[in-house]
Amino acid sequence: MRVYFRSGATREASWRKQQLKGLLAFLKENEGDIMKALKQDLGKHYAEAYRDEVGTLIKSLNFALQSLKRWMSPKKAELPLMALLSTAEVMPEPLGLILVFSSWNFPIGLSLEPLIGALAAGNTVVLKPSDLSPACSSLLANTLRSYLDNRAVKVIQGGAAVGEKLLQERWDKIFFTGSTQVGRIVMSAAAKHLTPVILELGGKCPAVLDSLSWNWDREASIKRILVGKFGTCAGQACITIDYVLVEKESLSTVVEMMKEITGKMFGENPRESNSIARIVNKSHFLRLKNLVDDPAVKASIVHGGKMDEDNLFIEPTILVDPPLESEIMTEEIFGPLLPIISLEKIEESMEFIKSRPKPLAIYVFTRSKTLERRILSETSSGSVTFNDAIVQYAADTIPFGGVGKSGIGRYHGNYSFEAFSHEKAVVRRSFFTDFWFRYPPWNDHKLQLFKTAYNFDYLGMLLVILGLKRIKASHMV
């Protein structure tokens, strides 16, 4: 693959477009098989699968195809006036051989989204999908080869041992989506070769629900919170809402509305509604069960709580004020369990959020511009979304990525192209102009010219050249 990259074939715009069109054809021609694989691995309804994976990828590919020429074009860089007859530009060039580790919760979307950027940038790519979503992994490995240049793209299946072997190789960049624990392993392995990494990790993403006076606003906010939690792979997503902060005064109203709307969305028997995904495997199921087996946590459940281990199903569960020191409030939940934490005043949410690791996303539901300003200026996160949840992931014109423990690097749209490109600085000079004072031997006259030049003091520079400006003697030897 390195030899093929060095041939220069992947640098051509025509090759890049061909790969992007191949991905588009893969999605459209295999939509039914993709839906079946997502249903088999995660129990996703076809509508949810299209909304979160197939549809977003088609949108991203169309955007990349429309924008590729502009992305590939060198960008002119301004030079100071004194750089006579000189030009500068920034030219993107592909990095080389990329390794992509994707995650099991969005096994198609999180495999192909970084692949779009890597191929648009002209790289060769090895994709390692998660072994926890075997149907999707097999589909990618066996079908994708018919749509892409096999000399440039390989899909390698396997578990942790295969991943470890891949990390022993030298790559030009590694892209990883997954847990913080495995992210540390990836970063440690990359350091041996000084390989740059993008780590998409996650964390506990809060929702701040202000005391909205209009019932319409309150209902819309709660619907968006619930679909951003239970309706997004059953809460098994890095950007899903982990917990909700509300004022004590509005707590009872919020809880009752959440119960009512959850019932409308997922029915009296959520397992039979076919509108919520299942837990990926028994290990993750037992981890979630353990979170609520704590007696103090179990006592805080106000809605739901039923679990079906045989079918790996947990119904939407709402908790009110579980102990802050309990594991459900210290670890990323990654499942359909939604704690609501009550505060005396919603302004306390700033300190609550700041006292914890920086999240991938913060969601704030408010009409208060003051609260908006405080959230933006006093907290740090990968993104902030006001009055909605999850939608920022679908936007191609803004970056997606974390900060601190929630991740390193960013992608989506042009940011994906940049993530897999090196921005090469190019400067062109003319032979017809030169600055004689740049060459030894040195004297005070040349020193003064340097001082005026670096301060862009063109008049002072002219006066020194004409001998009309007094030159201070240097005491340096």
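## Salt bridges and a helix face: worked exercises

Arg367 pairs with Asp217 in a salt bridge, and their closest N and O atoms sit 2.4 Å apart. That's our starting point in this predicted model.

**Exercise 1.** Work out where the two partners Arg367 and Asp217 lie along the chain, then classify Arg367 as buried or exposed and do likewise for Asp217.

*Solution.*
- Step one, location: Arg367 is in the loop between β15 (361-365) and α16 (369-378), while Asp217 belongs to helix α9 (residues 215-229). The bridge links distant parts of the chain, 150 residues apart.
- Step two, Arg367: the cut-off for exposed is over 50%. Arg367 has 55% relative accessibility, so it counts as exposed.
- Step three, Asp217: buried means under 20%. With a relative accessible area of 12%, Asp217 is buried.

**Exercise 2.** Take the salt bridge between Asp242 and Lys204 and find which parts of the chain it ties together.

*Solution.*
- Start with the distance: the closest N and O atoms of Asp242 and Lys204 are 2.4 Å apart.
- Now place the residues. Asp242 is in strand β9 (residues 241-247) and Lys204 in the loop between β7 (197-200) and β8 (205-209), so the pair ties together parts 38 residues apart in sequence.
- Then check burial: Asp242 has a relative accessible area of 2% and is buried. Lys204, at 14%, is buried too.

**Exercise 3.** Which residues are linked with Arg271 in a network of salt bridges?

*Solution.*
- Begin with one pair: Arg271 bridges to Asp308, closest N and O atoms 3.3 Å apart.
- Arg271 sits in helix α11 (residues 270-273) and Asp308 in strand β11 (residues 307-308), so this pair ties together parts 37 residues apart in sequence.
- Arg271 is partly exposed at 39%, whereas Asp308 counts as buried at 17%.
- Now add Glu272: Arg271, Glu272 and Asp308 form a linked network of salt bridges.
- For context, the salt bridge count comes to 22.

**Exercise 4.** Find the buried residues of helix α18 (residues 444-454) and say what they pack against.

*Solution.*
- List them: Lys446, Gln448, Leu449, Thr452 and Ala453 are buried.
- Look down the axis: these residues cover an arc of only 160 degrees, which means they're on the same side of α18.
- Find the partner: the buried residues of α18 pack against α19 (458-465).
- Finish with the ends. At the start of α18, a side-chain oxygen of Asn443 comes to within 3.1 Å of the backbone nitrogen of His445. After α18 comes Phe456, with a positive phi near 55 degrees.

Note on methods
Residues numbered from 1 in each chain as written. Predicted model: local features only at pLDDT ≥ 70, side-chain atom pairs only at ≥ 80, totals over all residues. Heavy atoms only, no water. Buried < 20%, exposed > 50% of the residue type's maximum accessible area, 1.4 Å probe, protein only. Helix = DSSP H or I, 4+ residues; strand = E, 2+ residues; numbered from the N terminus. Arc of directions from axis to C-beta. Contact = heavy atoms within 4.5 Å. Polar contact = N/O pair within 3.5 Å; in protein donor to acceptor, adjacent residues only side chain to side chain. Salt bridge = Lys/Arg side-chain N within 4 Å of Asp/Glu carboxyl O.
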